[in-house]
Structure formats: C-alpha cells, structure tokens
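Colleague: Please take a close look at one part of this model for me, and then relate that part to the rest of the fold. I would like a connected account.

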Amino acid sequence: PFRRLQIKIKGPSQLPRVLTAHEVKMILGYLKHRRDSVAKGTTQYTLCVRNLAVVELLFSTGMRIGELCNLSFDDVDLTEGRARIHGKGNKERVVDICPADTLSALSEWIKERSRNWKDSTAFFVNQKGNGLMPQSVRALIHCVSDVCKIGKNVTPHTFRHTFASLLLEEDVDVSYIQNLLGHSSIAITQIYLHVNPYRQREILMQHHPRSRM
C-alpha cells in the first residue's frame, strides 16, 4: 500500500545573503580607485576597466554569472541602453541598463576591448581574447570583497540577490522584479520579500494600524 503514497520532504529554506547599499558602494569605489591608479594604455589598466564593467553590470541588471559570461558583443547595445540575456532553458529576455555610471564603465570597456580584441565575439574576454570564465569572475569578487573587508561570503550571485532586495526596498512591484530576474514563477522571486528584517521593522513601525488606534 505504501507504493501509492507520495511523500515530499521540504528542506529548510535559506534566505539569500545580500549586501547593503554601502557595501556595494565600497566595492565599486575600490574598483574605480584601482582603475584610476593604473597608467592608461597598459594591460593592467584594461583589466581594471573590464573588472569594473563586470561588477557594474552584475549589480545593475541582476543577471546570473553564466548569463554575463555568455554575453556576445552583439547582445549589448549601449545606444539603446539594453542587453539581450540568454537565460535558463534557452529563454531570452531584454534588460535595460539605466545607471549612468554603468553605461560609462561599459563604454570604456568597449573602447579597451576594441583596441585589444576586436575580433572576439564574446563581450567580456580574458587576456588571451577568449570569453571570460565564471571562475575568473568569482575569484575577482572574492578578492575585492576581502580587500574591502566586507565580512561576508560575496559571490557573483550575491549581486543578483542584492539587486532584487534593494529594488524591493524601493517599493518596486515584485512582478517587475520577476521579469528582470527572468524567474519562471513569482514564487521564486517572493523569497526576497523576507530578506531585510530592518525594512520589515520600519514598515511595521510606520504603517501598522495599531499605532493609529
């Protein structure tokens, strides 16, 4: 009789780790400082420009690391301020790149890329002109977060979580965030509703009806 039983054991859900806006600002500030402290025209300068563009794009769009590394040069249109992303299950979505600092970082990277590896089809490349690998991005972010003394296990996916949670803090509708992240179900996106306990407390303090009774 037990053959007919269907048992689903759900493990404990873990809330995603996120960065604060201040921590993101520290990381981006360090990458800008590194770029500005290196002589232009050198290989080191080009890599610093690329590294800044990588992190700017991760945070500004919330794309996955695989999506970022799979970007082709034709997928990014800075004139329109958009990127075509090839997501899970071969699903495509188009995201807008709006922050001026991100557009500036990407524009500078395109100049450096065209000067050194104009024949490559990948948008982000390594020193040999091959497509940038996910492990290289992970190593970059791990190194930068250590230097900035963030005190958290920061990964490329942390920027995706942070992108979503900070947008929710700005009262952006969760359905819009679902589309931006490329989630197939809004239930996946709703986990970010529970990420920031300080924001929850602030909402209750300001809007709970008991305070007006």
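Modeller: Leaving aside neighbours within four places in sequence, Glu-23 is in contact with Val-18, Ile-150 and Lys-152. This is a predicted model, and the distances below are to be read as such. Glu-23 is found in helix H1. Is Glu-23 buried or exposed? Its relative accessible area is 12%, under the 20% cut-off, so Glu-23 counts as buried. A polar atom of the Glu-23 side chain lies 2.9 Å from the backbone nitrogen of Thr-20.

Helix H1, residues 21–36, also takes part in covering another helix: what covers the buried residues of H4 includes H1 and helix H2 (43–61). H4 itself runs over residues 100–117, 18 residues in total, and reaches 25 Å from its first C-alpha to its last. That is close to the 26 Å expected at 1.5 Å a residue. The buried residues of H4 are Thr-102, Ala-105, Leu-106, Glu-108, Trp-109, Ile-110, Glu-112, Arg-113 and Trp-117. As background, an α-helix has 3.6 residues a turn, so residues three or four places apart point the same way.

Now the nonpolar interior. The largest nonpolar core has 43 residues, and those with the most contacts inside it are Ile-27, Leu-68, Phe-124 and Val-137. The elements that give two or more residues to this core are H1, H2, helix H3 (65–69), strand E2 (82–86), H4 and helix H5 (134–147). H2 gives the most, with nine residues.

Which residues does Phe-124 touch, leaving aside its neighbours within four places in sequence? The contacts of Phe-124 are Arg-50, Ala-53, Val-54, Leu-57, Leu-68, Leu-106, Trp-109, Asn-130, Gly-131 and Leu-132. Among these, Leu-68 is itself listed with the most contacts inside the core, while Leu-106 and Trp-109 are buried residues of H4. A second, separate core has six residues, including Phe-163, Leu-168, Ile-177 and Leu-181.

Last, the cysteines. A search of the whole structure finds zero disulfides. Cys-48 has 5% relative accessibility and therefore counts as buried. Cys-148 is in no disulfide; the nearest cysteine sulfur, that of Cys-143, is 9.3 Å away. A disulfide needs the two sulfur atoms within 2.5 Å, so this pair does not qualify. Cys-148 is buried as well, with a relative accessible area of 11%.

Notes. Residues numbered from 1 in each chain as written. Predicted model: local features only at pLDDT ≥ 70, side-chain atom pairs only at ≥ 80, totals over all residues. Heavy atoms only, no water. Helix = DSSP H or I, 4+ residues; strand = E, 2+ residues; numbered from the N terminus. Expected span 1.5 Å × (residues − 1). Buried < 20%, exposed > 50% of the residue type's maximum accessible area, 1.4 Å probe, protein only. Contact = heavy atoms within 4.5 Å. Core = buried A, V, L, I, M, F, W, Y, C linked by side-chain atoms within 4.5 Å. Polar contact = N/O pair within 3.5 Å; in protein donor to acceptor, adjacent residues only side chain to side chain.
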